[in-house]
Amino acid sequence: MENTETFTPQLTEDGSFTFFSEKFGEMFHSRYGAKQEAVFKFVEPTELRHKAVKPSLKLLDVCYGLGYNTAAALETIWQVNPDCCVEWIGLELDPSVPNSAIAHRLLDAWNPSIREILTNLATAYQVKTNRLEARLLIGDARITIGQVYQSGFQADGIFLDPFSPPTCPQLWTVEFLGLVAKCLKQDGKLATYSCSAAVRTALMASGLQIGATPPVGRRSPGTVASYTNDLPPLSLQEQEHLHTKAAIPYRDPSLCDPSEVIVQRRQIEQKTCSLEPTSRWKQRWSMAQS
């Protein structure tokens, strides 16, 4: 697919830069801090700092984008254990995004060795050194995640970082997240910035337990998921959110439907279900907090 987007760097509040996507109408990162988000929404919740003492780790980066999550992860792991061998797979639809990040020098926030790795990934789609074996798979993640699963790859940490569910529902469905979950080790952790009830119920439908991660520069928490229940608990408000119409997940049975069809399918299911209207939940909690 030919890409016609041009990417202009946007300064975020922690001094790092991100891009704005005209196609999706969203920034690639929070305006509160792109680098900060990579560390506190993805690297910390997946506990890579603690896991780095192991001789080897496996990481899966869903929606690689500018490469910030991977850069923050590798930097953290090798600060703790320079000898840790990392096997990494990234999924990305548009190869012009990581290339634009390099062209605009957005990776200067990381050390030269990390920048070199990300540059090679953006151009050659693979890197092999004595401590890193990395592959960037280009294409629709609904297809490439099947390749990852079929290969038997089991990740210690998964970064789930598509654009938001309303604009990119195809990467938040029960079916897609079911495949992502199958690529997670039994003691691994999956992290995402989203606290959407629809996303959380889809993760739970995949057999994962869910917990909340602290907000980064805004009120909304993120989500961490694993097969074990050693997770930061959801608040009562968040638990109740999972019993409202907002919690009806996105579905894509054939893993190839257009986003409009996926959104419409969910809207129909929401209209016919007997769950509490989300507006009533919001009103109840707004009154409780006032």
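Here are three short exercises on this structure, each with a worked solution.

The model is predicted, so local features need pLDDT of at least 70 and side-chain atom pairs count only at pLDDT 80 or more, while totals for chains, interfaces and linings use all residues. Residues are numbered from 1 along each chain as its sequence is written, and side-chain values use heavy atoms, with hydrogens and water left out.

**Exercise 1: the sheet**

Work out the order of the strands in the open sheet, and find which strands stand at its edges.

Solution. Start with the naming: helices (H or I, at least four residues) and strands (E, at least two) are DSSP runs, numbered from the N terminus. Two strands pair if DSSP finds at least two bridges between them. Walking across the eight strands, you get β6-β7-β5-β4-β8-β9-β11-β10, with mixed pairing. Now look at the ends: β6 (126–128) and β10 (209–213) each have a single partner strand, so one side of each lacks a neighbour in the sheet. For a closer look at one pair, take β5 (residues 85–92) and β7 (residues 132–138), which run parallel and are joined by seven bridges. Trp88, for instance, has Ala134 in β7 as its bridge partner.

**Exercise 2: two odd backbones**

Which loops hold Arg105 and Tyr125, and what is the sign of phi at each?

Solution. First, the background: most residues other than glycine have a negative phi. Next, Arg105: this residue sits in the loop between α4 (96–103) and α5 (112–124), and its phi is positive, about 60°. Then Tyr125: you'll find it in the loop between α5 and β6, with a positive phi of about 65°. Last, check accessibility (buried is under 20% relative accessible area, exposed over 50%, partly exposed in between, with a 1.4 Å probe and protein chains only). Arg105 is exposed at 58%, whereas Tyr125 is partly exposed at 33%.

**Exercise 3: the second largest pocket**

Find which element gives the largest share of the lining of the second largest pocket.

Solution. Begin with the lining: there are 15 residues, and Cys195, Ser220, Gln237, His241 and Trp281 lie nearest the centre. (On a 1 Å grid over the protein atoms alone, a pocket is an open set of points where a 1.4 Å probe fits, with protein on both sides within 12 Å along at least five of seven lines; lining residues have an atom within 4 Å of a point.) Then sort by element: α9 (236–241) and α11 (278–289) are the ones giving two or more residues. The largest share, six residues, comes from α11.
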